[in-house]
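Work through these exercises with the model open beside you. Each task is followed by its solution.

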Amino acid sequence: MLYLILLVVIVGCDQLLKYWITTNLALQQVQTLIPNLFSLTYLRNDGAAWSILQGKQLFFMLLTPIVILVLGYLLFKARRQHRIYALGLTFMIAGALGNFIDRLRLGYVVDMFQLDFINFPIFNLADSALTVGVILVFVYLIFFADEKG
């Protein structure tokens with residue numbers, strides 16, 4: 001149940017933040033939060049990370065539900081096992097679901113976080129959740145997967 005609550009909170013925060021961005025910033029508008037460090041920039045991304053596969057919405061619309069179902073199955077099986085693994089799967093599902101909602105509702109993904117100190121693609125909370133989830137699963141696989149119990 002904890003994992004479901006966490007998933008709903010992450011997706012809810014992602015969607016609320018995206019709603020705030022789209023209603024308070026013009027497309028491509030930059031709002032500096034911490035000078036030379038961090039800004040909000042409203043972008044529309046119809047591709048994946050780093051804008052790869054631009055315009056391939058049908059591909060993402062077909063692939064994402066399959067990925068969510070597989071991750072959900074793995075989470076169901078692992079929910080009573082190692083917490084790091086289950087948390088990683090939860091974050092990955094939340095990230096995939098957050099961006100999938102955008103694709104269904106808008107036809108693109110809303111991105112907004114810009115790191116001003118490095119040349120890095122603009123991203124969103126769902127992308128961050130997905131990244132944290134992948135890191136947690138890797139940590140589990142590297143350090144804990146061989147543990148019994």
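Buried means under 20% relative accessible area, exposed over 50%, and partly exposed in between. The model is predicted.

**Exercise 1.** Classify Phe60 and Phe59 as buried, partly exposed or exposed.

Solution. Start with Phe60. Its relative accessibility is 8%, so Phe60 is buried. Now take Phe59. Its relative accessibility is 43%, so Phe59 is partly exposed.

**Exercise 2.** Decide how the rings of Phe59 and Phe60 are arranged, then find the charge over Phe60.

Solution. Rings pair if their centres lie within 6.5 Å, and planes over 60 degrees apart count as edge-to-face. In the model, six aromatic pairs meet the rule. For Phe59 and Phe60, the centres are 5.4 Å apart and the planes stand at 70 degrees, so this pair is edge-to-face. Finally, Arg103 sits over the face of Phe60, 4.2 Å from the ring centre.

**Exercise 3.** Do the same for Phe120 and Phe123, and add their burial.

Solution. The ring centres of Phe120 and Phe123 are 6.0 Å apart, with planes at 85 degrees, so the pair is edge-to-face. Phe120 has a relative accessible area of 36%, so Phe120 is partly exposed. Phe123 has 19%, so Phe123 is buried. Both belong to one aromatic cluster with Phe38 and Phe113.

**Exercise 4.** Which residues does the UniProt annotation "transmembrane region" cover, and how helical are residues 83–101 and 121–143?

Solution. The unreviewed UniProt entry gives residues 58–76, 83–101 and 121–143. Residues 83–101 are 100% helix, with end C-alpha atoms 26 Å apart. Residues 121–143 are 83% helix and 0% strand, with end C-alpha atoms 30 Å apart.

How values were computed. Residues are numbered from 1 along each chain as its sequence is written. This is a predicted model: local features need pLDDT of at least 70, side-chain atom pairs count only at pLDDT 80 or more; totals for chains, interfaces and linings use all residues. Side-chain values use heavy atoms; hydrogens and water are left out. UniProt positions are given in the numbering used here, feature names are shortened, and annotations may be inferred rather than shown by experiment. Helices (H or I, at least four residues) and strands (E, at least two) are DSSP runs, numbered from the N terminus. Rings of Phe, Tyr and Trp (its six-membered ring) pair if their centres lie within 6.5 Å; planes under 30 degrees apart count as stacked, over 60 as edge-to-face and the rest as tilted. Buried means under 20% relative accessible area, exposed over 50%, partly exposed in between (1.4 Å probe, protein chains only). A charge sits over a ring if NZ of Lys or CZ of Arg is within 6 Å of the ring centre and within 35 degrees of the ring normal.
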